[in-house]
Amino acid sequence: GYAVMINSSGTNPGKYISGIHGILGKVKDPKKEEKTESRDLDQYTGYYNSMPWSSEEYIGTWSGKLVILDLPADNPANAMTIFKHMEGDTFRRVRNNGELGETLVFERDQNGSITRYKRHGNYSQRTGR
């Protein structure tokens, strides 16, 4: 079972538990997971602002891939979008059926730091937090 500590009134512990189950359901058996190169995906992680198209997003790593999590998320599993590295700073969305979807391209400043990404023709700026 899950022990969930909630210290504010009016919250729904079941919502968090079902969110946790949904996320864990997206994890594949690592033995069956395809090998990914040892590229440092951490350089892409962090918070990005997609205004005015959507709210803030967090990019993290997930089983050797990048995952975008829309914030805030009542259902974290449904708010997750997984991207597979292609080459350079280019990734492609992994659809539920395993096919590759749209492109996600990160851009860097003159110092080589990730500053934003482009998806569906829109840019999302990396935030300082």
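Is F91 buried or exposed in the predicted model? With a relative accessible area of 0%, F91 is buried. Beyond four places in sequence, the contacts of F91 comprise L41, Y44, L66, F83, K84, H85, M86, E102, T103, L104 and F106. F91 also belongs to the largest nonpolar core, a set of 12 residues that further includes L41, Y44, Y48, I59, L66, I68, F83, L104, F106, I114 and Y117. Two or more residues of this core come from each of β3 (65-70), β6 (100-108) and β7 (114-119). Another core, of five residues, lies apart from it and has W62, M80, I82 and V94 among its members.

Aromatic pairs in the model number seven. In one of them, Y44 and F91 meet edge-to-face, with 5.1 Å centre to centre and 80 degrees between the planes. This pair links distant parts of the chain, since Y44 lies in the loop between α1 and β1 (46-49) and F91 in strand β5 (residues 90-94), 47 residues apart. Y44 counts as buried because its relative accessibility is 0%. Ring pairs join Y44 and F91 with Y48, F106 and Y117 in a cluster. Elsewhere, the charged end of R116 is placed over the ring of Y123, 3.6 Å from the ring centre.

The protein chain has a mean pLDDT of 78, and 67% of its residues reach 70 or more. Among its elements, β6 has the highest mean pLDDT (97) and helix α1 (residues 13-25) the lowest (57). Values are below 50 over residues 1-8, a stretch with nine contacts beyond near neighbours in sequence. Residues 30-38 likewise stay under 50, with seven contacts beyond four places in sequence. Where pLDDT is low, predicted coordinates should not be read in detail.

Terms used:
Residues are numbered from 1 along each chain as its sequence is written. This is a predicted model: local features need pLDDT of at least 70, side-chain atom pairs count only at pLDDT 80 or more; totals for chains, interfaces and linings use all residues. Side-chain values use heavy atoms; hydrogens and water are left out. A nonpolar core is a set of buried Ala, Val, Leu, Ile, Met, Phe, Trp, Tyr and Cys residues joined through side-chain atoms within 4.5 Å. Buried means under 20% relative accessible area, exposed over 50%, partly exposed in between (1.4 Å probe, protein chains only). Helices (H or I, at least four residues) and strands (E, at least two) are DSSP runs, numbered from the N terminus. Contact means heavy atoms within 4.5 Å. pLDDT is the predictor's confidence in each residue, from 0 to 100. Rings of Phe, Tyr and Trp (its six-membered ring) pair if their centres lie within 6.5 Å; planes under 30 degrees apart count as stacked, over 60 as edge-to-face and the rest as tilted. A charge sits over a ring if NZ of Lys or CZ of Arg is within 6 Å of the ring centre and within 35 degrees of the ring normal.
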